[in-house]
Amino acid sequence: MIFSRRERPPAEIVDRLDRNERVVSWARTDDALAVATNRGLWVPAYRRIGWEAVDKAVWRDGVLTVVEAELVEDLLLQELPPLHLRLTEPRDLPPTVRRRVEASVVRSEVLPVSGGTARFVARRVPGRDGVTWWARLEPDTLDSVETRVSVRARRDELIAGWSADQPR
């Protein structure tokens, strides 16, 4: 059996990584690189989106579409406009992104809150122990002070229940 060396990612991205960050997959786009690391997805312009902030990722017709969620008041996730990456050499990046995003989600459920419903998500954040809970308002749910108070209370209940369920 012949063992071949894996092609190394270009130094232009490796030089930007944090000390404890390592490349797990990468691909070429029309004009740059997209790189998956243990901490997140580096997109062209070399900006890292942490796995916990990737709300959706879809691979279709040579394009990896990534929807990043912005955290508001350490409570609500609000989707940013989708980022479309045309991968000219996809390698194994699309399935790697899917696995990493799925692995970051520990629990997800839609629950009623004042003013409508919210999806509560417990996610693993690279470099942190345990899980972090956030919520995303479902369509037609009004973002108001009352809604945020209700979301915060519901999230606190979920955290308390989660903590009680975990082995000590």
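1. A salt bridge is taken here as a side-chain nitrogen of Lys or Arg within 4 Å of a carboxyl oxygen of Asp or Glu. Asp143 and Arg148 form such a pair, and the closest N and O atoms of the two are 2.8 Å apart. The partners differ in their surroundings, since Asp143 is partly exposed at 33% relative accessibility, whereas Arg148 is buried because its relative accessible area of 17% falls under the cut-off of 20%.

2. Please keep in mind that this is a predicted model. The mean pLDDT of the protein is 91, and 93% of the residues reach at least 70. Confidence is lowest in H1, where the mean is 81, and highest in strand S10 (residues 116-123), where the mean is 97.

3. The structure contains 15 salt bridges, and one of them joins the side chains of Arg39 and Asp18, with a distance of 2.7 Å from N to O. Arg39 sits in the loop between strand S2 (33-37) and strand S3 (40-43), while Asp18 sits in the loop between helix H1 (11-14) and strand S1 (23-29), so the contact ties together parts of the protein that are 21 residues apart in sequence. Both ends are partly exposed, Arg39 with a relative accessible area of 26% and Asp18 with one of 34%.

4. The pair just described should not be read in isolation, as Asp18 and Arg39 also belong to a network of salt bridges that links them with Glu21 and Arg48.

5. A salt bridge within a helix is found between the side chains of Glu102 and Arg98, at 3.1 Å from N to O. These two residues are four apart in helix H2 (residues 93-104), which means that about one helical turn separates them. Glu102 counts as partly exposed at 46% relative accessibility, whereas Arg98, with a relative accessible area of 56%, is exposed. As general background, side chains of opposite charge can pair when their charged atoms come close.

6. Turning to the strands, S5 (residues 54-60) and S6 (residues 63-72) run antiparallel and are joined by six bridges. Within this pairing, Val58 stands opposite Thr65, which belongs to S6. The two strands form a hairpin with two residues between them, and Asp61 in the turn has a positive phi of about 55 degrees.

Notes: Residues numbered from 1 in each chain as written. Predicted model: local features only at pLDDT ≥ 70, side-chain atom pairs only at ≥ 80, totals over all residues. Heavy atoms only, no water. Buried < 20%, exposed > 50% of the residue type's maximum accessible area, 1.4 Å probe, protein only. pLDDT = per-residue confidence, 0-100. Pairing = 2+ DSSP bridges.
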